[in-house]
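Student: I should like to learn how to read a protein structure, feature by feature. Where should one begin?

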Amino acid sequence: MLNIVDELTHECLAIRVSRKLKSIDVIDVLSDRFILRGVHGHIRSDNGPQFVAKAVQICIAAVGAKTADIAPGSPWGNGYIESFNARPRDELLDGEIFFSLREAQIVIEIWRRHYNTVRPHASLGCRASAPEVSVSSFAAWPAARPRTAPSATLPLAPRSPLN
């Protein structure tokens with residue numbers, strides 16, 4: 001699993017689930033996030049082979065972000081993500097058996113959405129990081145002023161003098 005988490009809002013932006021993750025997978029997920037959310041000033045990552053790959057470093061530099069790497073063998077360098085990684089393990093993975101990769105992707109995405117929109121976060125005052133907002137269709141548009149419909153009059157066709 002590749003977890004992308006915003007350290008400021010505590011929102012899980014993406015979880016990529018695959019049997020094997022390569023640098024192109026990291027670039028793909030980051031590119032989607034850059035398009036949807038804009039480019040962050042810094043991107044913190046561990047020193048896994050996916051992140052130290054030249055292609056990922058070039059991609060991050062090309063969009064103007066800076067990297068904040070964690071020293072090898074020091075997970076405390078990013079305690080927040082280590083804490084986050086424990087959440088899906090404790091709340092989901094320890095209690096599930098996945099029979100296919102697709103099932104794992106779907107169930108984990110459902111968990112990610114619940115984590116962001118429903119699950120309270122103590123560090124955010126027991127609020128969700130990105131609660132869903134629903135607006136009724138009537139409230140979304142300003143009320144139109146009632147107007148009377150114009151009268152519909154149809155011109156009469158002239159009668160033929162032969163009848």
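Tutor: We shall go from the whole chain to its strands, a helix, some single residues and a pocket. Please keep in mind that this is a predicted model.

Student: How many helices and strands does the secondary structure of the chain come to, and in what order do the elements run?

Tutor: The chain comes to six helices and four strands. From the N terminus on, the order is β-β-α-β-α-α-β-α-α-α.

Student: What percentage of the residues in the chain is buried?

Tutor: A residue is called buried when its relative accessible area is under 20%. Of the 163 residues in this chain, 29% are buried.

Student: How do strands β1 and β2 pair, in the parallel or the antiparallel sense?

Tutor: Strand β1, residues 2-5, pairs with β2 in the antiparallel sense, and four bridges join the two. Within this pairing, V5 stands opposite C12 of β2. The two strands form a hairpin, with six residues between them.

Student: Which residue in the turn of that hairpin has a positive phi?

Tutor: That residue is H10, in the loop between β1 and β2. Its phi is positive, about 65°, although H10 is not a glycine. H10 counts as buried because its relative accessible area is 14%.

Student: Is strand β2 mostly covered or mostly uncovered?

Tutor: Strand β2, residues 12-16, is mostly covered, since four of its five residues are buried. L13 belongs to this strand, and its relative accessible area of 6% is why L13 is classed as buried. The C-alpha atoms of L13 and N3 lie 7.8 Å apart, with 10 residues of sequence separation.

Student: How should one read the side chains along a strand?

Tutor: In a regular strand, side chains alternate between the two faces of the sheet. Strand β3, residues 42-45, gives a case of this: I43 and S45 point to one face and are buried, while H42 and R44 point to the other face and are not buried.

Student: With which strand does β3 pair, and in which sense?

Tutor: Strand β3 pairs with β4, residues 66-69, in the parallel sense over four bridges. Opposite R44 stands A68 of β4.

Student: How may one check the length of helix α1?

Tutor: One compares an expected span with the distance between the end C-alpha atoms. Helix α1, residues 23-37, has 15 residues, so at 1.5 Å a residue the expected span is 21 Å. The end C-alpha atoms of α1 are 21 Å apart, which agrees.

Student: Which residues of α1 are buried?

Tutor: The general idea comes from the helical turn. An α-helix has 3.6 residues a turn, so residues three or four places apart point the same way. In α1, the buried residues are D25, V26, I27, V29, L30, R33 and F34. Just after the helix, G38 takes a positive phi of about 90°.

Student: Is R19 buried or exposed?

Tutor: For exposure, the cut-off is a relative accessible area over 50%. R19 has 70% and is therefore exposed. R19 lies in the loop between β2 and α1. The C-alpha atoms of R19 and M1 are 8.5 Å apart, although 18 residues separate them along the chain.

Student: How many disulfides does a search of the whole structure find?

Tutor: The search finds zero disulfides. As for single cysteines, C12 is buried because its relative accessible area is 0%. C59 has a relative accessibility of 14%, so C59 also counts as buried.

Student: How should one describe the second largest pocket?

Tutor: One may give its volume, then its lining. The second largest pocket holds about 240 Å³ of space. Its lining has 13 residues, and those closest to its centre are A14, I15, R16, V17 and E109. The elements that give two or more residues to this lining are β2, α1 and α5. Helix α5 gives the largest share, five residues.

Student: How do the residues of that lining divide into nonpolar, polar and charged?

Tutor: Six are nonpolar, one is polar and six are charged.

Notes:
Residues are numbered from 1 along each chain as its sequence is written. This is a predicted model: local features need pLDDT of at least 70, side-chain atom pairs count only at pLDDT 80 or more; totals for chains, interfaces and linings use all residues. Side-chain values use heavy atoms; hydrogens and water are left out. Buried means under 20% relative accessible area, exposed over 50%, partly exposed in between (1.4 Å probe, protein chains only). Two strands pair if DSSP finds at least two bridges between them. The expected span of a helix is 1.5 Å times one less than its number of residues. A disulfide is a pair of cysteine sulfur atoms within 2.5 Å. On a 1 Å grid over the protein atoms alone, a cavity is a set of points where a 1.4 Å probe fits but cannot get out, and a pocket is an open set with protein on both sides within 12 Å along at least five of seven lines; lining residues have an atom within 4 Å of a point. Grid points are joined across faces, edges and corners, and a volume is the space filled by probe spheres set on the points. Ala, Val, Leu, Ile, Met, Phe, Trp, Tyr, Cys and Pro count as nonpolar, Asp, Glu, Lys and Arg as charged, and the others, Gly among them, as polar.
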